[in-house]
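Here are a few notes to read alongside the model. I've kept them short and grouped them by topic.

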Amino acid sequence: MSEELSPRETPREAMEFDVLVIGAGPAGLSAAIKLKQVNPDLSVCVVEKGSEVGAHTLSGAVIETRALKELFPEIDVGMIPLATPVTEDKFMFLTETRAFTSPICPPTMNNHGNYIVSLGNVVRWLGQQAEELGVEIYPGFAAAELLIEEGRVVGVATGDMGIGKDGEPTDNYQRGMELRATYTVFAEGCRGSLSKQLEKQYDLRKDVDPQTYAIGIKELWEVRPEQFKKGLAVHSIGWPLKSDTYGGAAIYHFGENLVAFIFAVGLDYTNPYLSPFQEMQRYKTHPAIAPMFEGGKRISYGARALNEGGYQSLPKLTFPGGVLIGCAAGTLNVAKIKGTHTAMKSAMVAAEAIAEALAGEKPAEVTVYSEKLKASWVYPELHEVRNVRPGFAKWGFWGGSINAGIEMILRGKTPWTLHNHHADNAMLKKAKDSTAITYPKPDGKLTFDRLSSVFLSNTNHEDNQPPHLTLLNPAVAINVNYNEYASPETRYCPAGVYEIVGEEAGTPRLQINAQNCVHCKTCDIKDPTQNINWVVPEGAGGPNYPGGM
């Protein structure tokens, strides 16, 4: 008699589609919508790890509506909940005690015609449009495994549900499903776990620069009416970051008395003692900034990594059976601090290429997508600003600012291309070569700690499940990170996931509080030896950002 199969060895159920989309963000939903617009008979499925469409979507955000209007020519953007036209731009440079407002707004920060939005609300609206067109959307299902047969991606498997911390099935066990398709579109966003595997599997980063990233941390506030100016978009650079650290802040007034506050720090920073979260809190104490928030109420919080490598760091976008789109590919325009329009356009171009392939000979690799994207407005836009971000990495704040000014005046027509030479994890200095940073304690009114912040993100993970933050070699956490870098993961994580315990007893160890994770992916990017590997938890786990975020 044959041995009975364990629950985890039983065959998965399978569903077949023409096109499978991984991720229900702006790019993924735009691809699905465009596919159905081109050919309503196509079967299109979108799988989303968040509990609902929009649950994991986080951005500033001021969006250019160019791609949105190409997708829906008759759209009134103002019909999307909270969408607010930008009425005024303000660009400031901060010193420790003063704020200098530029009389001229940098061209890339000119938001005439743009809208301040909750990107979560935008994708919820896109999800409704997609479903009306017949797209099947499955939220709460995490794409956990690539399905590759004879060298070709044929879909993904969703994660098993009901696996305990010990790795064994519980009474609530449910086998994952195989979602198969002729073509699979990966729209996981920045540093997607499957996209990262695809880059290695198909050597997609050959002959391109390393990707470089930032962490963006966001608070949503309800402010006093006298401090609110509907449609105001404020950007600032300078304090509290030192001149060798790239970053800045954005403050957007939208809806009714709502203010989105975003603080971003380039993850190529060198001081292991730097805490992006603490820098964000300190920013709010500036005499020119504090009055904006005083008497207000912080109502939500979140964080997300974002691509900054741009043109030079775009990987090969196609491989047998699939494509990369949006921030999974790295299409953000860092000089504009905008990526929604380019992500959506890349998705629409990919959808058109895939629809053509399905109507024709169905080639294994839809290489025409890359050709079409280069012929679209996305590549020229990214090429125009290609030297802005690497200029800051090469020359620091002042030299980078001069270079950025030249690039904007010449609109990228300089006859050279600067490069991103190093991955962000390789940039940290050793603790012994760095200066410790003392941050003020939070007051609970204007400034806050990380745990109370995570509470506002509505983050939740099932307690009894395998950790989704894994160490390739547990010993490295102490032997390298603790001993040589003073455990930078305890500072760069904006959610208090990483904690050193047992230090007083002389037996330090790294404790991972995975239930706090807001899925920002910073640890997967910044860990100095790449020892931390972020994988998807059970579907529906993670933050549940409300409308407005």
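1. **What we're looking at.** Just so we're on the same page, this is a predicted model.

2. **Cysteines.** You may be wondering how many disulfides the structure holds. The count is zero. A disulfide is a covalent bond between the sulfur atoms of two cysteines. Take C517: the cysteine sulfur closest to its own belongs to C523, and at 6.2 Å that is too far for a bond. The cut-off used for a disulfide is 2.5 Å between the sulfurs.

3. **Buried or exposed?** C517 has a relative accessibility of 6%, so it counts as buried, the limit for that being under 20%. C105 comes out as partly exposed, because its relative accessible area is 26%.

4. **The largest cavity.** C517 turns up again here. Rolling a probe the size of a water molecule over the atoms shows where empty space is left. With a floor of 30 Å³, two cavities are counted. The largest has about 70 Å³ of space, and 14 residues line it, with C493, V497, C517, C520 and C523 closest to the centre. So C517 and C523, the pair whose sulfurs sit 6.2 Å apart, are both among the residues closest to the centre of this cavity. As for character, the lining has eleven nonpolar residues, two polar ones and one charged.

5. **The second largest cavity.** This one holds about 60 Å³. Its lining is made up of 13 residues, and those nearest the centre are G309, G310, V334, V385 and R386. Here the split is six nonpolar, four polar and three charged.

6. **Helix α5.** Have a look at residues 276–283, which make up this helix. Seven of the eight are buried, so the rest of the structure largely encloses α5. The buried set is P276, F277, E279, M280, Q281, R282 and Y283. Note that E279 and R282 are on that list, and both are of types that count as charged.

7. **A355 in helix α7.** The helix spans residues 340–359, and A355 is part of it. What does A355 touch, once residues up to four places away in sequence are set aside? Its contacts are L35 and V38. A355 counts as buried, because its relative accessibility is 9%. If you follow the chain on to V366, you'll have gone eleven residues in sequence, and the C-alpha atoms of A355 and V366 are 10.0 Å apart in space.

Technical notes. Residues are numbered from 1 along each chain as its sequence is written. This is a predicted model: local features need pLDDT of at least 70, side-chain atom pairs count only at pLDDT 80 or more; totals for chains, interfaces and linings use all residues. Side-chain values use heavy atoms; hydrogens and water are left out. Buried means under 20% relative accessible area, exposed over 50%, partly exposed in between (1.4 Å probe, protein chains only). Helices (H or I, at least four residues) and strands (E, at least two) are DSSP runs, numbered from the N terminus. Contact means heavy atoms within 4.5 Å. On a 1 Å grid over the protein atoms alone, a cavity is a set of points where a 1.4 Å probe fits but cannot get out, and a pocket is an open set with protein on both sides within 12 Å along at least five of seven lines; lining residues have an atom within 4 Å of a point. Grid points are joined across faces, edges and corners, and a volume is the space filled by probe spheres set on the points.
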